[in-house]
Number of protein chains: 2
Amino acid sequence: MSATSELHPFDDAIALTPAGEHRFTGRTTESYWNMIGPYGGITAATLLQAALQHPQRLGDPIALTVNFAGPIAEGPFTIEARPARTNRSTQHWSLELVQNGEVATTASAVFAVRRDTWGCGEAVFPDVPPADAIAPLPTGFAPVRWFKSYEMRPVRGAKPAAEPGTEHPDSLTQFWLRDHPARTPDYASIAAWCDSFYPRIFLKRAGFVPAGTVSLTTYFHADAATLAALGDRHALGSARAQVFRQGFFDQSAQLWSPDGELLASSHQIVYYKQ
Amino acid sequence: MSATSELHPFDDAIALTPAGEHRFTGRTTESYWNMIGPYGGITAATLLQAALQHPQRLGDPIALTVNFAGPIAEGPFTIEARPARTNRSTQHWSLELVQNGEVATTASAVFAVRRDTWGCGEAVFPDVPPADAIAPLPTGFAPVRWFKSYEMRPVRGAKPAAEPGTEHPDSLTQFWLRDHPARTPDYASIAAWCDSFYPRIFLKRAGFVPAGTVSLTTYFHADAATLAALGDRHALGSARAQVFRQGFFDQSAQLWSPDGELLASSHQIVYYKQ
């Protein structure tokens, strides 16, 4: 982000205008356009943003689930963000994105006030080279616009290495990631980053098939200060599937700070056709 | 289940009565009572059941997210199950459990018509002894009533092995599981089974601390015929945490058939105090 007052494309994309009680209006932007609709990560971030900027918000995000129920067309949409229940230190949100009178996306979020407790990182930070040892992927690497809004430095699994028609031994992709232009992460951008892995079936089957996320759940393990301290450094993303069966596969992903702290874990179930 | 017409305790626990459009009434039962409310797994199963028995249901469950927003007291409750969007082969549900005028639980579910496609099980079935090589835990092993509604045969991590006050090297629990009395699994019971692991922090910290699931997401990887074919055989459950930090830890779980097929994967974020 430069020192000018110009909005970062990410902040522009998730910008919402209050439109009555529990209601906001937003619109798609070109910077995060996917094949035939907005990038799922930006939709997730925008839904979370509605709760983040709601006047009744309590605490910070702990969990976010986004269900991609139908297509979103270019243009305006409405988000309803309703605090379904507010407790002393936790808050549960029910969210819906509506466009042209139809529900396009449903979501839920849990917010909470984080407290200092005993803690332990059990999962082990992967043994990977640092971000500055790896060249970024060219911005034209993937034929979708949102890809240009990220800077990715691939550790492995950037693209199918097997011959088309053969089966890749695993579906593991790892890359260093930040926004492009660089932007200090916050909960909204972490929500988006967790969807930045291309569908695992592209890697597994060494080719492109119709595929799209159906439901995406993200757990936020870092507090706001930890995210802010990341600055313009990269996070390490890692994603892998467990099973591909009858038109659906899963994906589990982790986002790590370069210091080896697990920032978020994220899971999704993805439709595929083939 | 005997040949009499008596309902299995699980079917009794998730029984719902239609109460108007998109609305059902149910009630807690003793068989699945936890410390101060119903076992979270039975609440998840009951919410899913509302969509399963809704007259507008399309296909079978793919994903279920349940947010435990507040306590559920002994007695009756109402579930609202609204098909937020129905497409040609997928359907998105918004669900709420209300008791005494307050939202106690919110949930969403994705249903779909499964189709034969290319498939691949990438995750590897754990190397464990068969169920019949392991003695079941005594029904009084855990001081909660719902535990007696399951038959568990522990492979590892059944209880904390470390000295209280010390830290267990990992949070991995594996057991063979079926309903008690035995009952052929279906989507509702799979939803419940996925919450049958005691809080990972009990194992990690070798002792009991206040803890409760905040949000639970389950992906169903098996079709109805695969579940029915399981009969009264056990499923292998496996669960582990990645990080414990600032009052919340995660858990990822798998449920496997004895033939090595991944039936479901499930993730949750859990509150803890200490």
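**Note on the two-chain model**

1. Chain B can be superposed on chain A with an RMSD of 0.0 Å, by a turn of 180° and a shift of 0.0 Å along the axis. The two copies are thus related as by a two-fold rotation axis. Please keep in mind throughout that this is a predicted model.

2. The copies meet through the same surface, because 100% of the interface residues of chain B are also interface residues in chain A. The contact draws 66 residues from chain B and 66 residues from chain A.

3. As to extent, the size of an interface is often given as the accessible area lost when the parts come together. Here chain B and chain A bury about 5800 Å² between them, and 50% of that area lies on carbon and sulfur atoms. Within chain B, the residues that lose the most area to chain A are Trp118(B), Glu122(B) and Gln246(B), which together account for 15% of what that side buries.

4. Turning to polar interactions, there are 10 salt bridges between chain B and chain A. One of the residues named above, Glu122(B), has its side chain in a salt bridge with that of Arg240(A), at 2.7 Å from N to O. Across the interface of the two chains, 48 residue pairs are found in polar contact, with both residues at pLDDT 80 or more. By class, the side of chain B that touches chain A comprises 25 nonpolar, 24 polar and 17 charged residues.

5. The backbone also deserves attention, since strands pair between the chains: strand 7 of chain A (residues 120-121) and strand 12 of chain B (residues 243-245) run in the antiparallel sense and are joined over two bridges. In this pairing Gly121(A) stands opposite Val243(B), a residue of strand 12 of chain B.

6. Some backbone geometry should be checked by eye, given that most residues other than glycine have a negative phi, and most peptide bonds are trans. In chain A, a cis peptide bond with omega of about 0° joins His180(A) and Pro181(A), and Pro181(A) lies in the loop between strand 9 (173-179) and helix 3 (187-193) of that chain. In chain B, the peptide bond from His180(B) to Pro181(B) is likewise cis, with omega near 0°, and Pro181(B) is placed in the loop between strand 9 (173-179) and helix 3 (187-193) of chain B.

7. Finally, Gln246(A) is a residue other than glycine with a positive phi, near 50°. Gln246(A) sits in the loop between strand 12 (243-245) and strand 13 (248-256) of chain A.

Conventions: Residues numbered from 1 in each chain as written. Chains lettered and ligands numbered in written order. Predicted model: local features only at pLDDT ≥ 70, side-chain atom pairs only at ≥ 80, totals over all residues. Heavy atoms only, no water. Contact = heavy atoms within 4.5 Å. Buried area = accessible area lost by both parts, 1.4 Å probe. Salt bridge = Lys/Arg side-chain N within 4 Å of Asp/Glu carboxyl O. Polar contact = N/O pair within 3.5 Å; in protein donor to acceptor, adjacent residues only side chain to side chain. Nonpolar A, V, L, I, M, F, W, Y, C, P; charged D, E, K, R; others polar. Pairing = 2+ DSSP bridges. Helix = DSSP H or I, 4+ residues; strand = E, 2+ residues; numbered from the N terminus. Least-squares fit on C-alpha atoms with pLDDT ≥ 70 in both.
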